[in-house]
Amino acid sequence: MHPREFVAFIAALMGVNALGVDLMLPALADIGRDLRVSEANHRQWVITVYMLGFGAGQLVYGPLADRFGRKPILITTLVGFVAASIFAASSATFAALLGARLLQGLMSASTRVLAVAIVRDGASGRAMARTMSIAQMIFFIVPILAPTLGQGLLELGPWRFIFYALGMFAAFVLAWTLMRLPETLPAGRRVSISISTLKRSYRLTLTNRFSVGYSAAASLTFGGIIAFVSSSQQIFVDEFGAGDSFTILFAVCAGAMGFASFANSRLVERLGTRMISQSAVVALIGLSIVHLLVALTSTETLTSYVVFQALSMTCIGLCGANFGAMAMDPVGHIAGTASSVQGFITSIGAVLVASVIGQSYSGTTLPLAIGYLAIGLVVLLLIFIIEGGKLFQARMNHADPG
């Protein structure tokens, strides 16, 4: 592929998962009414169960991709995602819908693992972070547009149309994969699947402090994103009564992450992954303290919430690609399996974080403010431990000067 087409393809691949999370946000209330969900917070399980499947599935695809190559695994799982979308659209009960969502998550897990592995097959360090940042910049357009697209689909028909649309987009990416994606893992670099090989790869991934440490840090910041997404409809519509402006306000917050990824792609090769991400974490802590004070004094308004949330998303957007690149750098020679393990840590950890924050929603923005402050403080502590107490310093090695 031409480099621009390659970046666009990676963004589209990541977009399968983004649409899987965000496209149905405007329909959560309709789903709840149609499938008789009595508790408003329970509607968040439409997002949470998907993310559980997304996290668990990642453990499988890395070893399979290291053994059989990237393309066959991607084709198989995209077919599975299309099927799961059809199942979701035809669900007659909330339990059946959650089962279909779990299957969607399991299938879409390959998109995260393989996007990282395919990029890592040809780049590392700052170059990898730059490529992922550009892809994420395009990818973040999806959350900006997804609720609007979802609302448009609701104008055309019931919430089930949204899941048919998901299946159609996955089918488009499948066709692109079949026609244009080359296999990025040569046969000579493939690793047989055996207990000893898996144990060795898992051990390398889980005992390297940069690999496991930055994966844990990414799980916390990603958890902040999921907490916002899963509770956004309740906050904007139920708390602030801004149902007519929901898609626009959501787009403002999501767009901040897109801006951050664009800025990171331009700056990371000059400033380094550590300087940018660590500065963003410190900024997130400061923002969260101010937001917490506003929430505690009951002076929160729709405008103040959108400002704080957009700025927080900017900080988180400056962390994601950099944390991922730093986690992958020391284990790039086992990129598929390492991406699986790191993705599992990131996703399952994020679901736990988001569930605690999201299920604490009680009609105010206070749980989010407290949650973001806790995320920032714990991430900063993790970085301090990972880096041996040295912050804002490049780490010179053969792969990435950081």
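# A helical model at a glance

At 2% relative accessibility, Ser 288 counts as buried, and this residue of helix H12 makes a handy entry point to the predicted model shown above. Setting aside neighbours within four places in sequence, Ser 288 is in contact with Ala 369, Tyr 372 and Leu 373, and these three are among the buried residues of helix H15. From there, let's visit the helices around H15, the nonpolar cores, a surface patch and the salt bridges.

**Helix H15 and its surroundings**

- Helix H15 covers residues 366-386, and its end C-alpha atoms are 30 Å apart, in agreement with the 30 Å that its 21 residues should span at 1.5 Å a residue.
- The buried residues of H15 are Pro 367, Leu 368, Ala 369, Gly 371, Tyr 372, Leu 373, Ile 375, Gly 376, Val 379, Ile 383 and Ile 386.
- These buried residues pack against four helices: H10, H12 (273-296), H13 (302-328) and H14.
- The contacts of Ser 288 with Ala 369, Tyr 372 and Leu 373 give a close-up of the packing between H15 and H12.
- After H15 comes Gly 388, whose phi is positive, near 65°.

**Helix H14**

- Helix H14 runs over residues 335-358, a total of 24 residues.
- From first C-alpha to last, H14 reaches 32 Å, close to the 34 Å expected at 1.5 Å a residue.
- H14 is mostly covered, with 19 of its 24 residues buried.
- H14 is also one of the helices that the buried residues of H15 pack against.

**Nonpolar cores**

- In soluble globular proteins, nonpolar side chains tend to be buried together.
- Here, the largest nonpolar core has 107 residues, and those with the most contacts inside it are Leu 97, Phe 228, Met 313 and Phe 323.
- H10 gives the most to this core, contributing 12 residues.
- A second, separate core has 6 residues, including Val 116, Met 328, Val 331 and Ala 338.
- Back in the largest core, Leu 97 touches Ile 31, Leu 35, Val 46, Ala 88, Ser 91, Trp 159 and Phe 163, not counting residues up to four places away in sequence.

**A nonpolar patch on the surface**

- Some nonpolar side chains are found on the surface: Ile 86, Phe 87, Leu 156, Phe 161 and Tyr 164 form a patch with about 530 Å² of accessible area together.
- Helices H4 (70-89) and H8 are the elements that give two or more residues to this patch.
- Tyr 164 is found in helix H8 and counts as partly exposed, at 41% relative accessibility.

**Thr 76 in helix H4**

- Thr 76 lies in helix H4 and is exposed, with a relative accessible area of 54%.
- Thr 76 and Ala 12 are 64 residues apart in sequence, and their C-alpha atoms are 17 Å apart in space.

**Salt bridges across the chain**

- Side chains of opposite charge can pair when their charged atoms come close.
- The count for this model comes to 8 salt bridges.
- Arg 160 and Asp 34 meet in one of them, at 3.7 Å from N to O. The pair links distant parts of the chain, 126 residues apart, with Arg 160 in helix H8 (residues 160-180) and Asp 34 in helix H2 (residues 28-34). Arg 160 is partly exposed at 22% relative accessible area, and Asp 34 is partly exposed at 39%.
- Asp 238 and Arg 43 form another, at 3.9 Å from N to O. Asp 238 lies in helix H10 (residues 209-239) and Arg 43 in the loop between H2 and helix H3 (45-68), so this pair ties together parts that are 195 residues apart in sequence. Asp 238 is partly exposed, with a relative accessible area of 48%, whereas Arg 43 counts as buried at 14%.
- Arg 189 forms a salt bridge with Asp 121, with the closest N and O atoms 3.6 Å apart. Arg 189 lies in the loop between H8 and helix H9 (195-207) and Asp 121 in the loop between helix H5 (94-120) and helix H6 (125-139), so the pair ties together parts that are 68 residues apart in sequence. Arg 189 is partly exposed at 43% relative accessible area, while Asp 121 is buried at 16%.
- Salt bridges that share partners join Asp 66, Arg 70, Asp 121 and Arg 189 into one network.

Terms used: Residues are numbered from 1 along each chain as its sequence is written. This is a predicted model: local features need pLDDT of at least 70, side-chain atom pairs count only at pLDDT 80 or more; totals for chains, interfaces and linings use all residues. Side-chain values use heavy atoms; hydrogens and water are left out. The expected span of a helix is 1.5 Å times one less than its number of residues. Buried means under 20% relative accessible area, exposed over 50%, partly exposed in between (1.4 Å probe, protein chains only). A salt bridge is a side-chain nitrogen of Lys or Arg within 4 Å of a carboxyl oxygen of Asp or Glu. Patches are made of residues with over 30% relative accessible area and no salt bridge: like charges are joined within 9 Å, nonpolar side chains (Val, Leu, Ile, Met, Phe, Trp, Tyr) within 5 Å. Accessible areas come from the Shrake-Rupley method with a 1.4 Å probe; for residues, only the protein chains shown count as cover. A nonpolar core is a set of buried Ala, Val, Leu, Ile, Met, Phe, Trp, Tyr and Cys residues joined through side-chain atoms within 4.5 Å. Contact means heavy atoms within 4.5 Å.
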